[in-house]
Amino acid sequence: MENFVFEPPLTEGVIVKRKSQFTIIVNKDGKDYSCHCPTTGRVGNLDLANLPCLMSASKDPERKTPFTVEAVSLSLPQDENKSWIGINQNAANRYVEHFLKNGGFADIVGKDKTVLREKTLGDSKFDFLVDNVYLEVKTPLQTLQVEYPPHVKVKKSTPFSSTGRFMKHMAQLGESLQERQRAILLTCFIYDNPGFKVSEPSTNYQQVQNTVRTSINKGVELCRQTSN
């Protein structure tokens, strides 16, 4: 399977602080840069300050933020062999599309299939249509499925409650399936995930669980994929 390659290659820095919902200040080679933050929500309950990060360079010389923070690490900045947690939810579909076209999901959708982006089913638009399989990609970052080392600082967080869009999507997906069609909800973790578990239920956990169960009974499949 062909790897996804960043061009130009990613560069490493250390986060100074998360300035806003869309901006992270990163120190690279002794200079502070205002970088784009590709996820508007929280990254677990992490305090991002002083964490190593990987950045991609913008190809637009006029952009106000010359870099995008693609990943953070819970390792120390001086550690040679770091593990990384991808935080670019906007890029997840690019990764999935790459691997769909290079046989990375053959056990789920088969090989050598036609891959189309953003196709409509019923009242909803889904990320991919692979022959007769609708594929919706979710990249959760509200809770991280990793252990935090002692030096990592955390912030006090409140339970996640913004689940309305997800439940609507799941319900419509189950209702819209026709004969010979399949639908898959692909949960994509852009890091080495030791195993999914619900450690911090949302405030609407029971309603979400009921919606998911109903959709599964109507033919929706759930899959998990880890990329590191």
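## Cysteines and disulfides

A disulfide is counted where two cysteine sulfur atoms lie within 2.5 Å of each other. In this predicted model, the number of disulfides is zero. Cys-35 shows how the cut-off applies: the nearest cysteine sulfur belongs to Cys-53 and is 6.6 Å away. Because a pair has to lie within 2.5 Å to count, Cys-35 is in no disulfide.

Where does Cys-35 stand, buried or exposed? Cys-35 has a relative accessibility of 0% and therefore counts as buried. Cys-37 has a relative accessible area of 1%, so Cys-37 is buried as well.

## The protein as a whole

The protein has 228 residues, and 40% of them are buried. Its secondary structure consists of four helices and eleven strands.

The accessible surface amounts to about 13,000 Å², and carbon and sulfur atoms account for 47% of that area. Among contacts with a separation of 6 or more, 66% join residues that are 24 or more positions apart.

## The largest nonpolar core

The largest nonpolar core contains 22 residues. Which of them touch the most other members? They are Val-26, Leu-46, Leu-48, Val-69 and Val-72. Three elements give two or more residues to this core: strand S2 (23-28), strand S4 (52-57) and strand S5 (67-72). S5 gives the most, with three residues.

Val-72 can be followed through its contacts. With residues up to four places away in sequence not counted, Val-72 touches Ile-15, Leu-48, Pro-52 and Cys-53, and also Ser-83, Trp-84, Ile-85 and Ile-87. Leu-48 in that list is, like Val-72, one of the core residues that touch the most other members.

## A second core

Another core lies apart from the largest one and has 20 residues. Its members include Ile-108, Val-115, Val-137 and Cys-188.

## A buried threonine in a loop

Thr-65 sits in the loop between S4 and S5. The strands on either side of this loop, S4 and S5, each give two or more residues to the largest core. How does Thr-65 count, buried or exposed? Its relative accessibility is 14%, and the limit for buried is under 20%, so Thr-65 counts as buried.

Which residues does Thr-65 contact, leaving aside neighbours within four places in sequence? Thr-65 is in contact with Ser-34, Cys-35, His-36 and Ser-58. One of these, Cys-35, is the buried cysteine described above, with 0% relative accessibility.

How values were computed:
Residues numbered from 1 in each chain as written. Predicted model: local features only at pLDDT ≥ 70, side-chain atom pairs only at ≥ 80, totals over all residues. Heavy atoms only, no water. Core = buried A, V, L, I, M, F, W, Y, C linked by side-chain atoms within 4.5 Å. Buried < 20%, exposed > 50% of the residue type's maximum accessible area, 1.4 Å probe, protein only. Contact = heavy atoms within 4.5 Å. Areas by Shrake-Rupley, 256 points an atom, 1.4 Å probe, with all protein chains shown as cover.
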